[in-house]
Amino acid sequence: MAENWSAIDADVRAGLGDVGNTLAITRTIPGTPDPEQLWLDVPDDTATEIVPQFGEGSGKYRSGETVVTTDFEFMIAVPKVLMPQEGDLITAGGETAIIVKVEPFPAGGQPVYFTIWADR
């Protein structure tokens, strides 16, 4: 029997509506200089998305890598626009950290949620 991932995603999003915990994913995109005016500074662009958080772990289960006891681990809903990736910043509970690993679930196809690890 095939899984209906769209229905599972809808159920997860509906369940997260009552949780209330959110975090911010922020990505900095380097500005593109004008080739004819390379001497001008071009500001970076920053994209931020607020996503529901529905789990937090200790960071000790990051597979196949060295884990620091101060690592953050979060389970988050699938963002609408800004899919998390290594190097992005994550802000939760007033603390900001760099994302070092992202695992979608399921591993193949359309993700239903992400587990992310970030170094403080």
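Which residue is the bridge partner of isoleucine 98 in S6? I looked there and found aspartate 119. I keep in mind that this is a predicted model.

**Entry 1: overall layout**

I counted the elements next. The protein has one helix and six strands. Along the sequence they follow the pattern α-β-β-β-β-β-β. I then checked burial over the chain. Of the 120 residues, 32% count as buried. The exposed surface comes to about 7,600 Å², and carbon and sulfur atoms supply 53% of that area. I also looked at sequence separation in the contacts. Among contacts between residues at least 6 apart, 54% join residues at least 24 apart.

**Entry 2: strand pairing**

I went back to the strands around isoleucine 98. S5 and S6 pair in the antiparallel sense, and I noted seven bridges for them. S4 and S5 also run antiparallel, joined by four bridges. In that pairing I found threonine 91 opposite threonine 96 of S5. Two residues sit between the strands in the hairpin of S4 and S5. There, glycine 93 takes a positive phi near 60°.

**Entry 3: the nonpolar core**

Which strands each supply at least two residues of the largest nonpolar core? I looked up the core itself before the strands. It has 16 residues. Those with the most contacts inside it are Leu23, Ile25, Phe74, Ile76, Ile90, Phe114 and Ile116. The strands that each supply at least two core residues are S1, S3 (72–77), S4 (89–92), S5 (95–105) and S6 (113–119). I set a general point beside this: in soluble globular proteins, nonpolar side chains tend to be buried together.

I followed one core member further. Leaving out residues up to four places away in sequence, phenylalanine 114 touches a run from Phe74 through Met75, Ile76, Ala77 and Val78 to Pro79. Its other contacts are Met83, Pro84, Val102, Glu103 and Pro104.

**Entry 4: arginine 27**

Is arginine 27 buried or exposed? I found it buried, because its relative accessible area is 16% and the cut-off for buried is under 20%. Arginine 27 is in strand S1. I then looked for its polar partners. Its side chain meets that of aspartate 88 in a salt bridge, at 2.8 Å from N to O. This pair links distant parts of the chain, with the two positions 61 residues apart in numbering. Aspartate 88 lies in the loop between S3 and S4. Both residues of the pair are buried.

A polar atom of the arginine 27 side chain also lies 2.5 Å from the backbone oxygen of methionine 83. Beyond four places in sequence, arginine 27 touches eight listed neighbours, among them Asp45, Thr46, Ala47, Leu82 and Gln85.

**Entry 5: the other salt bridge**

The structure holds two salt bridges. I looked up the one between lysine 101 and glutamate 103, where the closest N and O atoms are 3.8 Å apart. Lysine 101 counts as buried because its relative accessibility is 16%. Glutamate 103 counts as partly exposed, at 27%.

**Entry 6: threonine 22**

I finished at threonine 22, which is in strand S1 (residues 22–29). Threonine 22 has 45% relative accessibility, so I logged it as partly exposed. Its contacts, leaving out residues up to four places away in sequence, are Ile50, Val51, Pro52 and Gln53. I checked the C-alpha separation from isoleucine 50 and got 6.4 Å. Those two residues are 28 apart along the chain.

Key. Residues are numbered from 1 along each chain as its sequence is written. This is a predicted model: local features need pLDDT of at least 70, side-chain atom pairs count only at pLDDT 80 or more; totals for chains, interfaces and linings use all residues. Side-chain values use heavy atoms; hydrogens and water are left out. Buried means under 20% relative accessible area, exposed over 50%, partly exposed in between (1.4 Å probe, protein chains only). Contact means heavy atoms within 4.5 Å. A nonpolar core is a set of buried Ala, Val, Leu, Ile, Met, Phe, Trp, Tyr and Cys residues joined through side-chain atoms within 4.5 Å. Accessible areas come from the Shrake-Rupley method with a 1.4 Å probe; for residues, only the protein chains shown count as cover. A polar contact is a pair of N or O atoms within 3.5 Å; within protein, one must be able to donate a hydrogen and the other to accept it, and residues adjacent in sequence count only if both atoms are side-chain atoms. A salt bridge is a side-chain nitrogen of Lys or Arg within 4 Å of a carboxyl oxygen of Asp or Glu. Two strands pair if DSSP finds at least two bridges between them.
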